[in-house]
Amino acid sequence: MTSSVPIRPGWLVAGGIGAAVAAATAVGFAGWRILRHLDAVEVTGRSMVPTLEPGDRLLVETWTYRRRPPVVGEVVVAPDPREPTRELVKRVAAMGEGKVTLRGDSAKSTDSRRFGSVPVAKVRARAAFRYWPPQRAGLIPPSSVEMDPLTD
Amino acid sequence: MLNIRRLIHPTRVVHAHCDLPCGIYDPDQARIEAESCVRILEKYADSDDPHFKARCIHIKEERADLVIDHLDCLWHDYFKPNHKEQFPDLHDTFWMASKQASTVKGSLDVEEARKLLTMINRIGEMWTATGGPEKTRIQPQ
C-alpha cells in the first residue's frame, strides 16, 4: 500500500477516541430512549393478589400504549378516577368506546364496579416485569381467563 | 424515567386497594380483636360445654379474620415506602403477623394468640414511632 501522506500514530488515537465518543453517544441515546419509557413502582394493597402482592416492585413501561390501546387481560397503571393523583394497578377486564373497565384479581377488589370505567387515554403504563422479590421475579403475563366485568 | 436510585427505592406507589383509604389508622383495632382471641381461647379451655366451645371456635375465627383485615389496612394504607427505610423489617413483620393471625384462626392454642399480640405490639411501636397517633387519629378538641 502506498500513500503520499504518512499515517501518524496521533491520528489513529484521535480517530479511536472519536469513534468511542460516537459509540457512547449512540448507546447513551438509545439507553435514554428506553429508560425514558420505563419506571419502577411499588405495589401497595391486596386487590391484585395472587398476581401482585403488597411490596412487589415492578417495571412499568409507556411505549406499548403509545402504539396501541390496552388489551383485555393486561395489567395496567391508571389514575384513580376518585382521586386522580393516586395511581391504581389493575387488570383490564373489558374495553368499551374509549373506556377501559378495570378489575382487581382479588375478589375483595375495589375497581370499575365501584368507580366506573376509566378513559383509555388515561391508561398510559403497562405493568411489564416484577423485579422484586427476586424469587418471584419475571414477566407479568396478561390473563387469558375470561373476566365478567359486570357481575361479582 | 428509570434510574438506579428509583429501582432500589421506588418512590412511585401504585395502589391495589380494597377500599377507600379514609386516613384513620390505629393498631388498637387489630389488638382488640387479637385480645378477644386470647380471652376466647382461655374460656374455651376452661369450659366443658360442647355448645359453648363450638361458639368459641366460631367467634374466635371471626375475630382472627378481623385482625387480618385491620392489619392489611395498616400495612397497605398507612405505611409508606419511606417508613420501610426507618424499619427495614416492616414488610416481614406484617407478613409474619398476617400468617400468625391465620394460625390463630385455625388453632385452639392460646399461646399462638399471645404470639400474635406480641407481633401487633411491634407494629404498634412502628405506628407510634412514625407519628401515627398524631397523624391518623382525630385529635380531641
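**Close-up views of chains A and B**

**View 1. The contact between the two chains.** In this predicted model, 27 residues of chain A are in contact with 18 residues of chain B. On the chain A side, three strands each supply at least two of the touching residues: β1 (38–44), β3 (75–80) and β4 (83–95). The strand that gives the most is β1(A), with seven residues. By type, the residues on this side of chain A are eleven nonpolar, seven polar and nine charged.

**View 2. Strands paired across the two chains.** Strand β1(A) is joined by four bridges to strand β1 of chain B, residues 12–15, and the two run parallel. Within this pairing, V43(A) has V14(B) as its bridge partner. V14(B) also belongs to a core of 25 residues that includes L59(A), V118(A) and V123(A). This core is separate from the largest one, shown in View 6.

**View 3. Strand β5 of chain A and its partners.** Four of the five residues of β5(A), residues 99–103, are buried, so the strand is mostly covered. On one pairing, β5(A) is joined to β4(A) by four bridges, and these two strands run antiparallel. M95(A) and V100(A) are bridge partners here. The two strands form a hairpin with three residues between them, and G98(A) in the turn has a positive phi of about 70°. Strand β5(A) also pairs with β6(A), residues 118–119, in the antiparallel sense over two bridges. In that pairing V100(A) stands opposite V118(A).

**View 4. The fold of chain B.** Chain B has seven helices and one strand. Along the sequence they follow the pattern α-β-α-α-α-α-α-α. Of the 141 residues in chain B, 30% are buried. Among contacts between residues at least 6 apart in the sequence of chain B, 75% join residues at least 24 apart.

**View 5. Helix α6 of chain B and its two faces.** Helix α6(B) covers residues 110–129, and its 20 residues reach 29 Å from the first C-alpha to the last. This is close to the 28 Å expected at 1.5 Å a residue. Its buried residues are A113(B), L116(B), M119(B), I120(B), I123(B), M126(B) and W127(B). They lie on the same side of α6(B) because they cover an arc of only 120° around the axis. An α-helix has 3.6 residues a turn, so residues three or four places apart point the same way. The face turned away from the buried side carries the exposed residues E111(B), T118(B), N121(B), T128(B) and A129(B). The buried residues of α6(B) pack against four other helices of chain B: α2 (28–46), α3 (50–78), α5 (90–106) and α7 (132–135). After the helix comes G131(B), whose phi is positive, near 85°.

**View 6. The largest nonpolar core.** This core has 27 residues, and those with the most contacts inside it are C37(B), L71(B), L74(B), A97(B), L116(B) and I123(B). Helices α2, α3, α5 and α6 of chain B each supply at least two of its residues. The largest share, eight residues, comes from α3(B). Leaving aside neighbours within four places in sequence, A97(B) is in contact with L71(B), L116(B), M119(B), I120(B) and I123(B). Of these, L116(B), M119(B), I120(B) and I123(B) are among the buried residues of α6(B) seen in View 5.

Note on methods:
Residues numbered from 1 in each chain as written. Chains lettered and ligands numbered in written order. Predicted model: local features only at pLDDT ≥ 70, side-chain atom pairs only at ≥ 80, totals over all residues. Contact = placed C-beta atoms within 7 Å. Nonpolar A, V, L, I, M, F, W, Y, C, P; charged D, E, K, R; others polar. Pairing = 2+ DSSP bridges. Expected span 1.5 Å × (residues − 1). Buried ≥ 20, exposed ≤ 12 C-beta atoms within 10 Å, placed from the backbone. Arc of directions from axis to C-beta. Core = buried A, V, L, I, M, F, W, Y, C linked by C-beta atoms within 7 Å.
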